[in-house]
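Got a protein model open and not sure where to start looking? Here's a quick briefing to walk you through it.

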Amino acid sequence: MNEQIVILDFGSQYTQVIARRIRECRVYSTIVPYTTPAAELDALSPSGLILSGGPASVYDAKAPLSDPGLFELGIPVLGICYGLQLLAHFLGGKVERGGKREYGKGTLRVTEAACPLFAKLPGSFQVWNSHGDKLTRLPAGFVSVATTENSAYAAIAHGAKRLYGLQFHPEVVHTPRGQEIIGNFVHAICGCGRNWTMRHYAEQAVEEVRHRVGAERVILGLSGGVDSSVAAALLHRAIGDQLTCIFVNNGLLRAGEAEVVREVFGRHFHMRLRYEDATRMFLGRLKGVLDPERKRKVIGRTFIEVFQAATRRAGQAKFLAQGTLYPDVIESVPIAGNPAALIKSHHNVGGLPKRMKFQLVEPLKCLFKDEVRQLGTALGLPEEIVYRQPFPGPGLAVRILGEVTPKRLEILRRADAIVLEEMKAGGWYYRIWQSFAVLLPVRSVGVMGDERTYDYTIALRAVESQDGMTADWVRLPHELLEKLASRIVNEVKGVNRCVFDITSKPPGTIEWE
Ligand code: XMP
C-alpha cells in the first residue's frame with residue numbers, strides 16, 4: 001500500500017485534524033516539517049501534498065517558507081489558509097496584510113462549478129475562516145473558483161498543474177462540507193483509492209514501537225479504560241514480554257473491574273501484568289477526608305507512590321508507555337470559540353513526576369478517541385473494553401459525597417452494578433456518554449414492609465456528551481427509570497430512595513464529587 005498524502009506542517013493547530021480527515025477518506029497520510037526539501041518529498045512518492053495553515057505571515061522575517069521546488073514536482077498540491085498564501089507568494093501572486101482578521105463563519109460561493117474540488121457540492125455553503133493576510137492578486141495561470149463576503153479569492157486553482165488553494169479551513173467541523181472538499185482533493189484530484197484502514201495503522205505503529213524500543217523493557221500503567229487498554233494491546237503485539245503492565249487496585253473500582261482486567265489482559269492476552277492491590281493503603285488515607293479536592297490529592301499522590309514502587313519491583317525499564325491521545329496533547333487554544341477547542345478534553349491522566357526517569361512511548365498520540373476505539377477493535381480487544389464509558393481516575397471516590405468508607409463503597413458498588421446491567425439490557429449503555437450511580441450520604445425516612453427505614457439516597461446520572469466538556473441529561477424511558485429505582489431500593493441494603501439528576505453541564509458537572 002503505497003498511496004499517501006504528505007502534509008507539510010506550518011504550525012497550525014489543525015494539522016493533526018487534516019491528517020485525521022485524510023484517514024477518514026481511508027487514505028494514509030504523513031505529517032512532515034515544512035522545511036522538508038522538495039527532493040525528499042519527491043522520494044516519498046506522495047499522491048498529493050497539503051500545505052497546512054499556520055500563524056505566521058509570509059512576509060514575516062522568520063516566516064516558515066518551504067522549498068519552492070515542491071511546486072515543480074508535478075504532484076497535486078492543496079494549500080490551506082497560510083498554505084494558500086505561501087503558494088501564491090512563491091508563484092507570483094500578491095499577499096497583503098489584511099486590515100482586519102477575517103475570523104469565524106462565512107459563506108462560500110462557488111464560481112467555477114467545474115472545479116473538481118467542489119464536485120457534488122452545492123453552489124454555496126458555510127465555511128470557517130481564520131486569517132489576517134489576504135490574497136489580492138492571483139499568481140499566473142490561476143483562477144478564482146470561489147468567493148466569500150470578504151474575499152474574491154477564497155479558493156483558487158491551476159487546473160493544469162493541479163495546484164489548489166483554500167483561504168478557509170476545510171478540516172474543521174465549522175466547515176460542514178469540508179470533508180467532502182478534502183475527499184475530492186484526495187480521491188478525484190490525487191487519484192487515491194479507499195484502501196487504508198486501522199489495521200494498517202496498527203501494523204505501522206507496531207513497527208515504530210519495535211524500532212524505538214529495541215530490546216529494552218517498557219512499563220505501562222493499565223487502568224482498564226479505553227486508552228491505556230488499547231495502548232497495552234498495541235505494545236504487547238509489538239514487543240510481547242518486554243512489556244509489563246501495572247494495574248493498581250485503589251479500592252475505588254467498580255464491582256468486578258479488577259477481575260475483568262486480569263481476565264482480558266492476563267489470561268486472554270497473556271500479558272505480563274502486575275496486579276497491585278493497594279486498597280488498604282488508599283482507604284486508610286481517605287479516612288476522615290471529606291473535601292473533594294483533598295480526596296483527589298490524596299488519591300493522586302498515593303497512586304504515584306504505589307505505581308513507583310511497583311515499577312521498581314518490576315525491574316529496570318527504560319520506557320514508560322502511555323495512552324495519550326491527540327486531544328490530550330494539543331496546546332490550549334488562546335482564541336475563544338476556536339474549533340480546535342471543541343476536540344479538547346480537560347481531564348488528562350499525565351501526572352507522573354518528572355523525576356521518574358523514563359522515556360515516553362505514546363503510540364496513540366496522533367489519534368482521536370473514536371479512532372482509538374477502531375484501533376482497539378482491530379487489535380482484538382472486546383467491545384466491553386473498547387466501547388466502555390469513561391470512568392474517572394479517582395474512581396468511586398468522586399461518586400461518594402463526603403467520606404469514603406468501605407461500607408459506602410459496598411453500597412455504591414451494588415447500585416452501580418445494577419445501573420450498568422440495566423443500561424446494557426435496555427440498549428442504552430453504548431449509546432450515551434455516561435451512566436452511573438452517586439451515593440448521597442444523607443438519610444431520609446422510608447418504609448419497607450412494615451418497617452420504617454432511615455437510609456441513604458442514590459442519585460442516578462445519565463448524560464449525553466461529545467467530549468465531556470458540555471453535557472445534557474438523557475431522557476431515559478420512565479419504565480427504565482422505574483426499574484432502576486425499584487431494583488436499587490429493593491436490592492441494595494442501606495438505600496431507601498432514588499432520584500434522577502436532570503441538570504445539564506454547565507451549570508452542573510457530570511460527576512457530583
Ligand atoms: P466533570 O465532572 O468535570 O467530568 O463534568 C467531565 C468528564 O471527565 C471525567 N472525569 C475524569 N476522568 N480522571 C479522568 O480520567 C479524573 O480525575 C476525572 N474526573 C472526571 C468524568 O467522568 C466526565 O466524563
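What follows is a short tour, topic by topic.

Keep in mind that this is a predicted model. The protein chain is split into three pieces by the domain assignment: domain 1 (4-189), domain 2 (198-386) and domain 3 (399-500). There's also a ligand, with 13 residues surrounding it.

**Domains**

- Domain 1 and domain 2 have centres that sit 37 Å apart, taken over C-alpha atoms.
- Domain 2 (198-386) and domain 3 (399-500) each give at least three residues to the shell around the ligand.

**The ligand and its surroundings**

- If you want to find the ligand's closest residues, look for Arg 296, Gln 434, Lys 505, Ile 510 and Glu 511.
- Sorted by class, the ligand's shell comes out as four nonpolar, six polar and three charged residues.
- Lys 505 puts a polar side-chain atom 2.6 Å from an oxygen atom of the ligand.
- Glu 511 also uses its side chain, with a polar atom 2.5 Å from a ligand oxygen.
- With Ile 510 you should look at the backbone instead: a polar atom there is 2.8 Å from an oxygen atom of the ligand.
- On its own, the ligand has 500 Å² of accessible area, and the protein covers 85% of that.

**The nine-strand sheet**

- Strands of a sheet pair through backbone hydrogen bonds, and they can do so in parallel or antiparallel fashion.
- One open sheet here has nine strands with mixed pairing, and you can trace them in the order E2-E1-E3-E4-E11-E10-E9-E6-E7.
- Strand E2 (28-33) and E7 are the edge strands, each with a single partner, so one side of each has no neighbour in the sheet.
- On average, neighbouring strands in this sheet are turned by 30 degrees against each other, if you ignore direction.
- Strand E6 (residues 102-110) runs antiparallel to strand E7 (residues 124-131), and eight bridges link the two; Glu 102 has His 131 in E7 as its bridge partner.
- E6 also pairs with strand E9 (residues 143-148), again antiparallel, over two bridges, and here Arg 109 is opposite Thr 147 in E9.
- Strand E10 (residues 151-158) and strand E11 (residues 163-166) are antiparallel too, joined by four bridges, with His 158 opposite Leu 163 in E11.

**The five-strand sheet**

- Another open sheet has five strands in the order E14-E13-E12-E15-E16, and its pairing is parallel.
- Strand E14 (272-277) and strand E16 (359-361) are at its edges with a single partner strand each, so each has one side without a neighbour in the sheet.
- Neighbouring strands of this sheet are turned by 30 degrees against each other on average, with direction ignored.
- Inside this sheet, strand E12 (residues 218-221) and strand E13 (residues 243-249) share four bridges in the parallel sense, and Val 218 is opposite Leu 243 in E13.

**Backbone details to look up**

- Which kind of peptide bond joins Lys 505 and Pro 506? That bond is cis, with omega at about -15 degrees.
- Pro 506 to Pro 507 is cis as well, with omega near 5 degrees.
- You'll find Pro 506 in the segment after strand E20 (495-500), and Pro 507 is in the segment after E20 too.
- Arg 26 isn't a glycine, but its phi is positive, near 60 degrees.
- To spot Arg 26, go to the loop between helix H1 (15-24) and E2.

Methods. Residues are numbered from 1 along each chain as its sequence is written. This is a predicted model: local features need pLDDT of at least 70, side-chain atom pairs count only at pLDDT 80 or more; totals for chains, interfaces and linings use all residues. Side-chain values use heavy atoms; hydrogens and water are left out. A residue is near a molecule or strand if one of its heavy atoms lies within 4 Å of it. A polar contact is a pair of N or O atoms within 3.5 Å; within protein, one must be able to donate a hydrogen and the other to accept it, and residues adjacent in sequence count only if both atoms are side-chain atoms. Accessible areas come from the Shrake-Rupley method with a 1.4 Å probe; for residues, only the protein chains shown count as cover. Ala, Val, Leu, Ile, Met, Phe, Trp, Tyr, Cys and Pro count as nonpolar, Asp, Glu, Lys and Arg as charged, and the others, Gly among them, as polar. Domain bounds come from an automatic or database domain assignment. Two strands pair if DSSP finds at least two bridges between them. Axes are lines fitted to C-alpha atoms, for helices over the stretch in contact, and angles run from 0 to 180 degrees between N-to-C directions.
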